[in-house]
Amino acid sequence: MTHTGALCPAKMVGTMNRYSAFAVAREAFRDHAGWRRAWGNPEPKRRYDVIIIGAGGHGLATAYYLGKNYGITNVAILEKGWLGGGNTGRNTTIIRSNYLQDPSAAIYEKARSLYEDLSQALNYNVMFSPRGVMMLAQTEHEIRGYKRTAHANALQGVATRYIGPDEVKRLCPIIETRGPRYPVLGALWQPRGGTARHDAVAWGYARKCSDMGMDVIQKCEVTGIRQAAGQVTGVTTTRGDIDCDKLGIVVAGHSGHVADMAGFRLPIESVALQALVSEPIKPCMDVVVMANTVHGYMSQSDKGEMVIGGGADGFNNYTQRGSFHHIEETVRALVETFPMISRLKMLRQWGGVVDMTGDRSPILSKTPLGGCFINCGWGTGGFKAIPGSGWATAEMIARGEPGPLAAEFGLDRFAEGRFIDESVAAGVAH
Ligand SMILES: Cc1cc2nc3c(=O)[nH]c(=O)nc-3n(C[C@H](O)[C@H](O)[C@H](O)COP(=O)(O)OP(=O)(O)OC[C@H]3O[C@@H](n4cnc5c(N)ncnc54)[C@H](O)[C@@H]3O)c2cc1C
C-alpha cells in the first residue's frame with residue numbers, strides 16, 4: 001500500500017475521475033494518461049473546523065460522513081504513517097453483525113448494511129462479498145450460545161439462523177464435521193456476512209474525503225493536544241501546530257497514548273493480533289468459517305490464498321509483526337477442522353496492534369476534554385464496523401452529543417458498570 005498521492009500537491013475539490021466502464025474504455029484509447037491521482041497530498045493549513053487523528057478506516061469514514069451527512073468539510077485527517085497502514089490494512093476482512101447485545105447488533109448491522117452498496121456510494125470497488133459467515137458450534141455450550149444469539153438476532157432484525165452439521169457440510173465441504181476432539185455440531189449462519197477488500201475501504205473513503213475538499217495528510221504524527229479552559233484548541237504535530245474547534249481521536253491500538261496527550265486515561269489494553277495466508281490454491285471454500293472452540297478462522301481470498309487468523313497475544317505489546325508460535329498454534333487448531341490445510345505452505349504472516357476493552361465492546365464517546373471525542377476499543381473486530389462507526393462518530397462530532405447508535409458506548413459505562421458484554425461474540429479474534 002504505497003499510494004501517497006505525492007504527485008498531486010493541489011487541492012482536489014470535485015476533480016477526481018469518476019470510475020466507470022466508460023472511463024476504463026476511454027482511457028484504454030489514450031494510454032491511461034487521463035487518470036488523476038485518487039487523493040491529494042496537501043500541506044496542513046493553520047486551522048480546521050474538525051481534525052481527525054488517524055487515517056484508518058474509522059477515521060476516514062468519520063470524516064466522510066461528516067461531509068456527506070452534515071456538510072462539514074473543513075476537515076483534516078492526520079496520519080502518522082500511511083493511509084490504512086494500521087489495523088485497517090492488516091485484518092482478515094470478516095464482516096458480520098451477529099452480535100448478542102442490542103446496541104452491538106444495531107451498530108454492526110448498520111455497518112453491514114452500508115457495506116452492501118459502499119462501492120456504489122464511494123464509486124470505488126471495495127469488493128464486498130456477502131458470501132456468508134458461519135460460526136461453528138463444537139460443544140454443547142456453543143450450541144446453546146449460538147441458538148440464543150440467533151433468537152436475539154431475530155428480534156434485532158439481523159438475518160441469522162442456527163444450522164445443523166449436514167448444512168454446514170453442504171455449505172463448506174472441506175470441513176471435517178466428525179473431528180477427533182470437537183465434532184461440528186452445528187453453526188450460527190449469517191448468509192449476508194462476508195468479506196471486503198480492507199485497503200480499498202480506506203482508499204475509497206480517502207478519495208471521497210479528498211474530493212469533498214478535506215485534507216488527508218499522511219506522515220503527520222500528532223505529538224501533543226493543545227487546550228485552554230478545558231476545551232481543545234488544536235494539536236501539535238511533526239509538521240507544526242494546527243488549530244481546530246473539534247477533535248476526533250481514532251487511533252485504535254495507540255488510543256492510550258493519544259488520550260494521555262489529552263489528559264485522560266482509557267480502560268483499554270493494546271495487544272498484538274496476528275494473521276497469516278497460505279500459498280494460493282484453486283477455489284475450495286466460498287464461505288467464511290470461524291471455529292471458536294479450537295480457536296481459528298479461515299476464508300479464501302480472491303487470489304486463492306487461505307486467509308487464517310487466530311487469537312490475540314496474551315500480554316500487552318505494540319508489535320506489528322508475527323511470531324512463530326502463533327503460526328503453530330493457529331494452524332494446529334485449524335487442521336483438526338480442515339485436514340486439507342495440513343498440505344499447504346504458509347506464505348506470509350503479519351500483526352496489528354488492537355485496542356481491547358474489558359467488555360469487548362467499542363468506545364464512542366465524549367471525553368473529559370471539551371470538543372474532544374474518541375472512537376476506539378474495536379479490538380479484534382472493527383473492520384466490519386467501519387461504515388457504521390464512521391456514521392455514528394460523525395453524528396457525535398457534528399451534534400456534540402452521541403446519537404442513538406453511539407449512546408450506549410460511552411466511557412461512563414465503565415464507571416457505572418453498564419458493560420456491553422460481547423466476549424462470546426468476539427470469541428476468537430475477528
Ligand atoms: C490480524 C488482524 C485481524 C483482524 N481481523 C478482523 C476481521 O476479520 N474483521 C474485523 O471486523 N476486524 C478485524 N480486525 C480488527 C480491525 O482491523 C480493527 O478493529 C480496525 O481496522 C480498526 O480500524 P481503525 O481505523 O480504528 O484503526 P487503524 O486502522 O489502526 O487506524 C488508526 C491509525 O491511527 C494512526 N495513528 C496512531 N497514532 C497516531 C498519531 N499520534 N498521529 C497520527 N496518526 C496516528 C495509525 O498510524 C493508524 O493508521 C483484525 C485486526 C488484526 C490486527
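Between which two strands does the loop holding Thr-93 lie? Select Thr-93 and trace the chain both ways: the loop runs between β2 (75-78) and β3 (94-95). Before going further, keep in mind that this is a predicted model.

**Stop 1: Thr-93 and its backbone**

Stay on Thr-93 and look at its backbone angles. Thr-93 is not a glycine, yet its phi is positive, at about 65 degrees. Most residues other than glycine have a negative phi. Thr-93 is also buried, because 24 other C-beta atoms lie within 10 Å and 20 are enough to count as buried.

**Stop 2: Thr-195, a contact of Thr-93**

Now select Thr-195, which sits in strand β7 (residues 194-195). Leaving aside neighbours within four places in sequence, Thr-195 is in contact with Thr-93, Ile-94, Ile-95, Ser-129, Arg-131, Val-288 and Ser-299. Is Thr-195 buried or exposed? Thr-195 counts as buried, with 25 C-beta neighbours inside 10 Å. If you would like a distance to draw, pick the C-alpha atoms of Thr-195 and His-58: they are 17 Å apart in space, while the two residues are 137 apart in sequence.

**Stop 3: Met-127**

Next, go to Met-127, in the loop between α4 (118-122) and β4 (133-137). Here is another positive phi in a residue other than glycine, near 55 degrees. Met-127 is partly exposed, with 17 other C-beta atoms within 10 Å.

**Stop 4: Thr-139 and Thr-177**

Follow the chain to Thr-139, in the loop between β4 and α5 (140-156). Thr-139 counts as partly exposed, with 14 C-beta neighbours inside 10 Å. Which residues does Thr-139 touch, if those up to four places away in sequence are not counted? They are Tyr-182 and Thr-293. Try a distance to Tyr-182: C-alpha to C-alpha, Thr-139 and Tyr-182 are 7.1 Å apart, although 43 residues separate them in sequence.

Then select Thr-177, in the loop between α6 (165-171) and β6 (186-190). Thr-177 is partly exposed, with 17 other C-beta atoms within 10 Å. Not counting residues up to four places away in sequence, Thr-177 touches Pro-165, Val-168, Lys-169, Pro-183 and Val-184. Add Thr-337 to the selection as well: Thr-177 and Thr-337 are 160 residues apart in sequence, with 7.1 Å between their C-alpha atoms.

**Stop 5: Two domains**

Zoom out and colour by domain. The domain assignment gives domain 1 (43-91 + 198-267 + 359-426) and domain 2 (130-193 + 269-357). Taken over C-alpha atoms, the centres of domain 1 and domain 2 are separated by 29 Å. Where they meet, 19 residues of domain 1 are in contact with 12 residues of domain 2. The side of domain 1 that touches domain 2 has 6 nonpolar, 10 polar and 3 charged residues.

**Stop 6: The ligand and its shell**

Which residues are closest to the ligand? Select Gly-54, Gly-56, Gly-86, Gly-352 and Gly-382 to see them, among the 40 residues that surround the ligand. By class, this shell has 14 nonpolar, 21 polar and 5 charged residues. Show α2 (57-70), β12 (268-280) and β16 (346-357) too, as each supplies at least two residues of the shell. Why does the ligand lie between domain 1 and domain 2? Both domains give residues to the shell around the ligand, so it lies between them.

**Stop 7: The nonpolar core**

Hide the ligand and pick Ile-51, Ile-77 and Val-289. Of the 122 residues in the largest nonpolar core, these three touch the most other members. The core draws at least three residues from each of domain 1 and domain 2. In soluble globular proteins, nonpolar side chains tend to be buried together. For a closer look, centre on Ile-77: leaving aside neighbours within four places in sequence, its contacts include Ile-52, Ala-55, Leu-60, Cys-209 and Val-216.

**Last stop: The whole chain**

Finish with a cartoon view, where you can look for 12 helices and 18 strands. Along the principal axes, the C-alpha atoms fill a box of roughly 65 × 65 × 40 Å. A compact globule of 430 residues would have a radius of gyration near 22 Å, and the chain agrees with this at 21 Å. Buried residues make up 51% of the 430 residues. Among contacts with a separation of 6 or more, 76% join residues 24 or more positions apart.

Methods: Residues are numbered from 1 along each chain as its sequence is written. This is a predicted model: local features need pLDDT of at least 70, side-chain atom pairs count only at pLDDT 80 or more; totals for chains, interfaces and linings use all residues. A residue is near a molecule or strand if its C-beta atom, placed from the backbone, lies within 6 Å of it. Helices (H or I, at least four residues) and strands (E, at least two) are DSSP runs, numbered from the N terminus. Ala, Val, Leu, Ile, Met, Phe, Trp, Tyr, Cys and Pro count as nonpolar, Asp, Glu, Lys and Arg as charged, and the others, Gly among them, as polar. Domain bounds come from an automatic or database domain assignment. The radius of gyration is taken over C-alpha atoms; the globule rule is 2.2 Å times the number of residues to the power 0.38. A residue is buried if 20 or more other C-beta atoms lie within 10 Å of its own, exposed if 12 or fewer, and partly exposed in between; C-beta atoms are placed from the backbone. Two residues are in contact if their C-beta atoms, placed from the backbone, lie within 7 Å. A nonpolar core is a set of buried Ala, Val, Leu, Ile, Met, Phe, Trp, Tyr and Cys residues joined through C-beta atoms within 7 Å.
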